[in-house]
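Let's walk through this one strand by strand, and then take a look at a helix. Have the structure open so you can follow along.

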Amino acid sequence: MDQLKDEQIVESILNDDKELYREVIRRYENKLSRYLSKFSNNKDDIEDILQIVFIKAYKNLYGFDINKKFSSWIYRIAHNEGINHLKKQKNVKIALDDLEYKLIDEKVDIKKEIDQGFLKKDIEGVMSSMDNKYKEPLVLFFFENMSYEEISDVLRIPKNTVGTLIMRGKSQIKEKLIEISKKHAR
Amino acid sequence: MQDKKLENTIMGKIKTGQVKLKSKYVFIAEKLGLGTAFTFSVLLSVLFFNLILFYLKETDNLKYLSFGKFGILAFLESFPYLLVVSFIVFIGLSGYLITRSDVSYKKPFGYLAVGLVSFIIVFGIISTYFNIGQSIERQARTGFAPANMFLKPLTDMRDNGVAGVVFEQTDDYLVIQTPHGLRNIETEGIENLPEINKGDFILAVGDRNGFDFKVNQIKIVDKENMGAINRGIDFKFDKNLDDKNIKNLPSNMMFFNKEDKECIKKCFEEKVNPRNCFKECHK
């Protein structure tokens, strides 16, 4: 079962092996749950959104193009549901776990610029206050480890644009953290 | 544990039929519908662009601007607003539909928009060679409602401008043939009045008073640049002004000279049936 590709599983489901959808849920539940945690801090909300995502994905399986990547497709659905949730609930703060916090610290390469280590809440605050246009590709790039190609599939934007947004997003984080560090120094 | 709960909930809904796969035909219909709507909106954008070009080229609208500030009112009055608004709406709709289709998948909208607008402009220009505008103009003149609605500024009488062929000429007034019939053009007191002869095509700005028009500025223009107005005149006079129709036409659409006018006026004063007045006076 593990050797089967997502797209092959989808084909089998469409050929009336509905039980195989359980495997899709198993493969994506944790990943999508982590991704959706960037749209909501509330566990119950995340679970509700997740349920909506899997149900929508199942209902629309015939709309999935077998020649494309299933992971990008289901992330796209999760992304749209996450955005819908954000529209309803404003000022959602991004919550980072320790691993993610370190990841930002490394990938944005803050330490070269400033000596001071940042509090987790500083980075969370900076990420939360960012424009969605930068935040979305950054989250997929940092925390979902997606390639530019995959991010481009999920967000439906050209690959070059993904690169530009990530680069600008990174420098925005850097600038804001430098500002914070200056405030701390005073 | 919680994970299993979600998995079981969803699978339970699937097994009990609460959650069902949407039919593949829904997606096929969706794609077809989107494709059809996109094609139609692009075709309509091309058509409206073609009609705008046709209107600006073949009517008096743009020519009023040659009068400078005196021609602005006539230009604004005869501008084809509905055509321009429809063109913008359909080009916007085409842009929206293209972003919903697979064509735009991961492509920058800027390039798509430029491509779409270029396509519409190029095909709009090419389609001017197929006389689509003329055929819609003909339908508008024969009263076909949708064509008439979009080309209303062409068929409407203007308050601030007039264009037509000189039919009769004196020092104080002109009688010109227009797509709305014969019109009296008062030229009294106009400075630098050009030498106007019968058969000249004139364009004038001023103020309308019924079928009369008080001129502020007037000029002779090239007949060839007024295709739609010429066709309107031909349509009005060649087709309608035969023996069968003449009695149904109002006085100001008929050919009449000074004596006829006086005769009609006198006849009216005697409270004779107007139809008989026209019959008696116009021999």
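Start with strand β1 of chain B, residues 161-169. Eight of its nine residues are buried, that is, under 20% relative accessible area, so the strand is largely enclosed by the rest of the structure. Keep in mind that you're looking at a predicted model.

So who does β1(B) pair with? On one hand there's strand β2 of chain B (residues 173-178), paired in the antiparallel sense over four bridges. One residue pair to pick out is Val166(B), whose bridge partner in β2(B) is Ile176(B). These two strands make a hairpin, with three residues between them.

On the other hand there's strand β4 of chain B, residues 201-209, which runs antiparallel to β1(B) and is joined to it by five bridges. Here you can look up Gly164(B), which has Ile202(B) as its bridge partner in β4(B).

Now jump to strand β3 (residues 181-186) and strand β5 (residues 212-220), both in chain B. They pair in the parallel sense, over three bridges. For an example, find Glu186(B): its bridge partner in β5(B) is Lys214(B).

Put the pieces together and you get a barrel: five strands of chain B close up in the order β1-β2-β3-β5-β4, with mixed pairing. Ignoring direction, neighbouring strands of this sheet are turned by 55° against each other on average.

Over in chain A, have a look at helix α4, residues 70-88. At 1.5 Å a residue, its 19 residues should span 27 Å, and the end C-alpha atoms are 28 Å apart, which agrees. Of those 19 residues, 14 are buried, so α4(A) is largely enclosed by the rest of the structure.

Note on methods: Residues numbered from 1 in each chain as written. Chains lettered and ligands numbered in written order. Predicted model: local features only at pLDDT ≥ 70, side-chain atom pairs only at ≥ 80, totals over all residues. Heavy atoms only, no water. Pairing = 2+ DSSP bridges. Axes fitted to C-alpha atoms, helices over the stretch in contact; angles between N-to-C directions. Expected span 1.5 Å × (residues − 1). Buried < 20%, exposed > 50% of the residue type's maximum accessible area, 1.4 Å probe, protein only.
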